[in-house]
Amino acid sequence: MSNRIVERVADFLRRYPPFNELTTKDLKHLSSGVEILYKDKGTFIFRENEPAHAFFYVIQRGAVALRMGNGGDIIDICDEGDLFGLRPLMAGENYKLEAVSQEESILYAIPISEFRPLIQSYEEVGNFVIESFASNTRNPYSRFAATDSIGMLPPRMSVRAETPFTEILPIHPRKDLVFCTLQTPAQEVAKLMTAHNVGSVLVLSKGLPEGIITDKDLRNKVVTGRHPIDAPASEIMTSPVITYPAKMTITQAQLAMMKNGIGHLCLTEDGTTETPVVGILSKYDLMLALGNSPEVLLRAINRTRKIKRLKPIRNRVEYLLKGYLENNIPMSITMKLIAELNDACIKRVIELSLRKEGKAPVAFAWLAMGSQGRGEQLLHTDQDNALVFEDVPEGDSEEVRLYFQGLAKRVNKGMKTIGYEYCPADMMASNPNWCKPLSEWKKTVTGWIHNPGKEEVLLSSIFFDFNFTYGTRSLVTELSNHIFSNVDAYPMFYYHLASGALQNPSPSGFFRQFLLEQDGEHKDFFDLKRRVLMPFTDAARVLILSHQVRSINNTAERFEKLAELEANNREFFFSCSYATKALLKFRTKQGLLHADSGRFIALDTLSKEEKIKLKRTFKILKELQELISLRFKVTSRVL
């Protein structure tokens, strides 16, 4: 292959993941072994059970369908820049699908023998290939994709919800090391500390750690007169230096310091003094890390005496959220911890509001609704809530009602003060329609269930996602029992709920392109919430409710419970759970990046890899909606 052709191949490949991760040298070397293939429309690239080729393929132009053998169902359609035919590389097996060109296509055949070493050398390349391989199976989020490659752990590896954050969050040691030699005078060591504003200096010999000098060593050994000011570092250093591996959690670092009675940890490549130093960690670094830990933030929330002082704490929660995502903490843990902190903030707003309004005349309960009720509100979005209070004699009802409406308005205002915007649809406890005694709430939800028009289905579906936040839990339990007894008595409600779950527009068009908003403020943006996240949420809700499970509100957890209840659909429901978490993670990252809710996405800001990940969730959603349609016999979208 001439150099000109090699350069043309390399120029194309570097536009797409994972080849964009390669150095120019490695990319050109790989490109020199690429074969260029032309395929007419309808030509097979490989068939089911065909022996493995020595290549996998990248589409330079055209489209290729991956389908079950003998002309079966199409699993995926790959287009420009997509990888396929990875089974020989990943599993060394015969092909399980068949690949046929949908139109005239030009393919780049990538030699596996040349590519395999790159998986070992480039972590991002390996992760991407694993995900691409998983996406070309029947279940895009099965097996390999159900791993850390999308920032989550499979269920059997999940960390318990009660695990302290400090036990799983990695530390970030200082890497801009300050060091000296064995011969450096003590005075020069002190000047180094002052110049770099640090409390310790490493003593290196032949690039390896021999000891450490801290400000404490200078005080105890030099300032006291035990050693002269020009004493060499070798005489005043603490040696041997205690070393640990770089990959430690906050808890492990705390224990190491306590165990050895030291204030600094020297981190090396393998945790011994025989390998180079990669970082230094001080007690001060740990204090900074712990300052944004859930435990510390929770204590700060509970100590707050004024509502407005909760706002900076909530901002620290967002900073904490960024740390979760950067460190790839599983989304199941991230959602639980952030939900607990959000819940604690709202409880504190209610407690401080009660001090202003005075003691409640009767028992009441505050309910969080929507994404907050599901424990999925990671970003600062709007508030959805309701208030239910105990029934009282008719003569006292108006006075009690006015008290709780006043309390609700104060709480909603307080929530806005700390960063929760008002609900545009006014689904808040300050609205009298969302602040009622128990008996009225029972009548309301009974009407929703027995007269399920479009609006009623929407309202009832929101109410199935509530979470008890504050007050008397027995009121919520009684209301929940009433709701389920009515649903049992009117099973057609599931049909209407299922119909409502199929109302949101498709995320992609006939040619797999993203369907964008056609008008309005967000014209030409992709609505991630309405087109993808809400359909997953709505489907999980109707499926879990049909199993009479009322104690699980979180969408991903609902799918995991469904996997437990329906053994024949176990893998598929786990896939739905993984897809939901991946979408929530994606939305959160987009929201943090653009300082908004992450709902509306400008596609031109996404990389090819991000678009591929999004499209994988579309395939799962399509299959999920087909299941809903068949199970609940929804033949058309009636609402």
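Here is a short tour of a few spots in this structure, from its nonpolar cores to some backbone details. Keep in mind that this is a predicted model.

**The nonpolar cores**

Let's start inside. The largest nonpolar core has 117 residues, and the ones that touch the most other members are F404, F463 and F536. Helix α13, running over residues 331–357, brings the largest share of this core, with 13 residues. There is also another core lying apart from it, made of 25 residues. F12, L27, Y108 and I612 are among the members of that other core.

Now zoom in on F404. Which residues does F404 contact, once its neighbours within four places in sequence are set aside? There's a run of them from A360 through P361, V362 and A363 to F364, and then come L387, F389 and C435.

**A buried arginine**

Next stop is R374, which you'll find in the loop between α14 (370–373) and β16 (385–389). Is R374 buried or exposed? Its relative accessibility is 13%, and buried means under 20%, so R374 counts as buried. The side chain of R374 makes a polar contact of 2.9 Å with the side chain of E376. Leaving out neighbours within four places in sequence, R374 is also in contact with D465, T537, R541, N553, N554 and T555.

**Backbone details**

A few places in the backbone deserve a look too. Two of them are cis peptide bonds, one joining P17 and P18 and one joining S239 and P240. Two others are positive phi values in residues other than glycine, at N49 and at Q548. Here are the angles side by side:

| Place | Feature | Angle |
|---|---|---|
| P17 and P18 | cis peptide bond | omega about 0 degrees |
| S239 and P240 | cis peptide bond | omega about -5 degrees |
| N49 | positive phi | phi near 70 degrees |
| Q548 | positive phi | phi near 65 degrees |

Where do these residues sit along the chain? P18 is in the loop between α1 (3–13) and α2 (24–31), while P240 is in the loop between α8 (233–236) and β12 (243–245). For N49, look to the loop that links β2 (44–46) with β3 (55–61). Q548 belongs to the loop between α20 (528–546) and α21 (555–565).

One last point about Q548: its relative accessibility is 34%, so Q548 counts as partly exposed.

Notes
Residues are numbered from 1 along each chain as its sequence is written. This is a predicted model: local features need pLDDT of at least 70, side-chain atom pairs count only at pLDDT 80 or more; totals for chains, interfaces and linings use all residues. Side-chain values use heavy atoms; hydrogens and water are left out. A nonpolar core is a set of buried Ala, Val, Leu, Ile, Met, Phe, Trp, Tyr and Cys residues joined through side-chain atoms within 4.5 Å. Buried means under 20% relative accessible area, exposed over 50%, partly exposed in between (1.4 Å probe, protein chains only). Helices (H or I, at least four residues) and strands (E, at least two) are DSSP runs, numbered from the N terminus. Contact means heavy atoms within 4.5 Å. A polar contact is a pair of N or O atoms within 3.5 Å; within protein, one must be able to donate a hydrogen and the other to accept it, and residues adjacent in sequence count only if both atoms are side-chain atoms.
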